[in-house]
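Reader: I should like a close look at the charged contacts between side chains in this model. Which residues take part, and what lies around them in the fold?

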Amino acid sequence: KKISLFKRKKLATVVCLLLTVTAVMAQGDRQLVRQGNKQFRAGNSKEAEVSYRKAVEKNSRNPQANYNRPGEFARGGAGPRYEPDADLQSMFLRYDNRLNRKRYILRSFALWAAVMILSTAVGLIATFLKIGAITMLVTVISIAAIIPGFMLVIRRLHDLDRPTWWCIGCIIPLVNMALAVYLLFFKGTDGPNQFGPDPLEVQD
């Protein structure tokens, strides 16, 4: 038992060390992206490219570090362009990139309308067939809508240059009301930020 407990403690220590190293690495590439954005906005494109390259080298799989790929500045470009969502999946089930106020409001309304229509239809069918169990589908639909709802909130937070974990505020009383006002009425970052190019560059 003592050996087993020792092994568990050792494993927990290793896991904690790995998590710490991962957190430090993530913080490092995010700081480099922020630094590159500041340099880019100041007109120092060469210095910005160096910062972006270092960020990508630290973590090539991190979309926050990878959105400004090396080579854009070397080709004389103005940096990466915003790529609008091409289908429903990317519109509602994507958590990276940014979402400006107009897109956020329209998509939130479309999601709410879809939930209301489906829920009403299920309720009418349940009443007509007199099968109360069907009404459980309303609960399923409502729960399923939470996922795309959170995706929209996350991307809107990214537009405001805020971290993903802020979406936790959606489930905290009073905080969720303040967060809703913030998402609806505050303008996103002008130009690129650590989460991607400015969505206002492209109109739907």
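Author: The structure, a predicted model, holds 6 salt bridges, each a side-chain nitrogen of Lys or Arg within 4 Å of a carboxyl oxygen of Asp or Glu. Residues are numbered from 1 along each chain as its sequence is written, and side-chain values use heavy atoms, with hydrogens and water left out. Local features need pLDDT of at least 70 and side-chain atom pairs count only at pLDDT 80 or more, while totals for chains, interfaces and linings use all residues.

Let us begin with Asp85. Its side chain meets that of Arg94 in a salt bridge with an N to O distance of 2.9 Å. The side chain of Asp85 also meets that of Arg155, again in a salt bridge, at 2.9 Å from N to O. This second pair links distant parts of the chain: Asp85 is in the loop between helix H3 (63-66) and helix H4 (88-92), whereas Arg155 is in helix H6, and their positions lie 70 residues apart. Helices here are DSSP runs of H or I with at least four residues, and strands are E runs of at least two, numbered from the N terminus.

Are these two partners buried or exposed? Asp85 has a relative accessibility of 10% and therefore counts as buried. Arg155 is buried as well, because its relative accessible area is 0%. The cut-offs are under 20% for buried, over 50% for exposed and in between for partly exposed, with a 1.4 Å probe and protein chains only.

A further salt bridge, between Asp159 and Arg156, has an N to O distance of 2.7 Å. In contrast to the link made by Asp85 and Arg155, this contact stays inside one element: Asp159 and Arg156 both belong to helix H6, and their spacing of 3 residues is about one turn of the helix. Both of these residues are buried. Salt bridges with shared partners also join Asp85, Arg94, Arg107 and Arg155 into one network.

Helix H6 deserves attention beyond its charged residues. Leu152 is another of its members, and this leucine counts as buried because its relative accessible area is 1%. The C-alpha atom of Leu152 is 9.2 Å from that of Arg98, although these residues are 54 apart along the chain.

Leu152 is also one of the residues that line the second largest pocket, together with Tyr104, Ser108, Leu111, Trp112, Val115, Ala145, Ile146, Gly149, Phe150, Val153 and Cys170. Helix H5 (101-129) and helix H6 (136-159) are the elements that give two or more residues to this lining. The largest share, 6 residues, comes from H6. The lining divides into 10 nonpolar residues, 2 polar and no charged. The volume of the second largest pocket is about 280 Å³. A pocket is an open set of points on a 1 Å grid where a 1.4 Å probe fits, with protein on both sides within 12 Å along at least five of seven lines, and its lining residues have an atom within 4 Å of a point.

After helix H6 the chain enters the loop between H6 and H7, where Asp161 is found. Asp161 has a positive phi of about 65 degrees although it is not a glycine. Most residues other than glycine have a negative phi. With 28% relative accessibility, Asp161 counts as partly exposed. Leu174 is located in the loop between H6 and H7 too, and its phi is likewise positive, near 70 degrees. Leu174 is exposed because its relative accessible area is 66%.

Helix H7 spans residues 175-185 and gives the most, 3 residues, to a nonpolar patch. That surface patch of about 470 Å² is made by Ile105, Val181, Leu184, Phe185 and Phe186. Patch residues have over 30% relative accessible area and no salt bridge; like charges are joined within 9 Å, nonpolar side chains (Val, Leu, Ile, Met, Phe, Trp, Tyr) within 5 Å. Phe185 lies in helix H7 and, since its relative accessibility is 58%, counts as exposed.

These parts belong to a chain with 7 helices and 0 strands, which follows the pattern α-α-α-α-α-α-α along the sequence. Of its 204 residues, 36% count as buried, including Asp85 and Arg155.

Technical notes
Accessible areas come from the Shrake-Rupley method with a 1.4 Å probe; for residues, only the protein chains shown count as cover. Grid points are joined across faces, edges and corners, and a volume is the space filled by probe spheres set on the points. Ala, Val, Leu, Ile, Met, Phe, Trp, Tyr, Cys and Pro count as nonpolar, Asp, Glu, Lys and Arg as charged, and the others, Gly among them, as polar.
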